[in-house]
Amino acid sequence: MSFSQIYIQALLIIMSMMTVLWIVSIISRNVSIVDIFWGMGFGITSLFYFYRTGDADLRRILIVTFVTIWGLRLSVYLAWRNSGKGEDFRYRNFRKKYGEKRYWWISFSQTFMLQGILTWLISVTVLGALYYSRHAVPVLIDYIAIIVWITGFVFEAGGDYQLSVFRSDPANRGKV
């Protein structure tokens, strides 16, 4: 299957997932679930690309594993951070601005479809890495990439931890 065929299939899958998620947000009256899904969407998309692009060699396994771990960590963190807090203030403000009856349709296009398109556009890098890495053995640049990924992952997780500690102090309420 060609690169473009796989990429178009991914668009259909991502937009279908975002539509289902939007319906769940209508039922739950909470658009914030889209933020939790953001990272997981990349993991799901990378797994789809992995499945559609060929054999399971070490380089391709590393790529899909790192993308999936990153996405899962982000989704779990956001789910934990948002747990019990209701809908994010940004979405509540949109709801007030557009009104209850119009907001659901606006949230569909401005939030869910927009994030779906962004996921699709950004994920082309994962597709490219997987599609053009078939039967490739890891080389020096791969090991450098692993070090960069680990460094970025540790800094992002560490930053999220530091922010959560900072926000847990009542003296810092409303500050960043």
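Start by selecting α4 and α5 in this predicted model. The two helices pack at an angle of about 135°, with their axes 8 Å apart. Angles over 145 degrees would count as roughly antiparallel, so α4 and α5 are oblique to each other. Their crossing is right-handed.

Now show side chains at that crossing. From α4, pick Tyr91, Phe94, Arg95 and Tyr98. Across from them in α5 you'll find Glu100, Arg102, Tyr103, Trp104, Ile106, Gln110, Thr111 and Gln115. Colour this contact by class and you get six nonpolar, three polar and three charged residues.

Keep α5 on screen and swap α4 for α1. Here the angle is about 150° and the axes are 9 Å apart. α1 passes α5 in a right-handed crossing. What does the class colouring give for the contact of α1 with α5? It has 23 nonpolar residues, eight polar and no charged.

Next, hide α5 and bring in α2. α1 and α2 pack at about 150°, with 10 Å between their axes. That angle makes α1 roughly antiparallel to α2, and this crossing, too, is right-handed. To see who meets whom, select these two sets:

- In α1: Ile6, Tyr7, Gln9, Ala10, Ile13, Ile14, Met17, Met18, Leu21, Val24 and Ser25.
- In α2: Ile33, Val34, Phe37, Ile44, Thr45, Phe48, Tyr49, Arg52 and Thr53.

By class, this contact of α1 with α2 comes to 15 nonpolar, four polar and one charged residues.

While you're here, click on the loop between α1 and α2 and find Arg29. Its phi is near 55°, a positive value in a residue other than glycine. Is Arg29 buried, exposed or partly exposed? With a relative accessible area of 46%, Arg29 is partly exposed, because the exposed label needs over 50%.

Time for the core. The largest nonpolar core holds 33 residues, and Met18, Tyr49 and Phe112 have the most contacts inside it. Five helices each supply at least two of its residues: α1 (3–28), α2 (33–53), α3 (58–82), α4 (89–98) and α5 (100–131). The largest share, 11 residues, comes from α1.

Zoom in on Phe112 and ask which residues it touches, not counting those up to four places away in sequence. The list is Met18, Leu21, Trp22, Ser25, Val31, Val34 and Ser107. Of these, Met18, Leu21 and Ser25 in α1 and Val34 in α2 were also in the sets you selected for the α1 and α2 contact.

For a contrast, stay in α5 and jump to Trp105. At 58% relative accessibility, Trp105 counts as exposed. Try a distance label from its C-alpha to that of Ser133: the two residues are 28 apart along the chain, and the atoms are separated by 40 Å.

Finally, zoom out to the whole chain. The protein has six helices and zero strands, so a DSSP-style cartoon reads α-α-α-α-α-α along the sequence. The C-alpha trace spans about 50 × 40 × 20 Å along its principal axes. Colour by accessibility and 41% of the 176 residues come up buried. If you draw a contact map, consider the contacts with a separation of 6 or more: residues 24 or more positions apart account for 82% of them.

Terms used: Residues numbered from 1 in each chain as written. Predicted model: local features only at pLDDT ≥ 70, side-chain atom pairs only at ≥ 80, totals over all residues. Heavy atoms only, no water. Core = buried A, V, L, I, M, F, W, Y, C linked by side-chain atoms within 4.5 Å. Buried < 20%, exposed > 50% of the residue type's maximum accessible area, 1.4 Å probe, protein only. Helix = DSSP H or I, 4+ residues; strand = E, 2+ residues; numbered from the N terminus. Contact = heavy atoms within 4.5 Å. Axes fitted to C-alpha atoms, helices over the stretch in contact; angles between N-to-C directions. Parallel < 35°, antiparallel > 145°, perpendicular 65-115°, else oblique. Left-handed = near helix turned anticlockwise from the far one by under 90°. Nonpolar A, V, L, I, M, F, W, Y, C, P; charged D, E, K, R; others polar.
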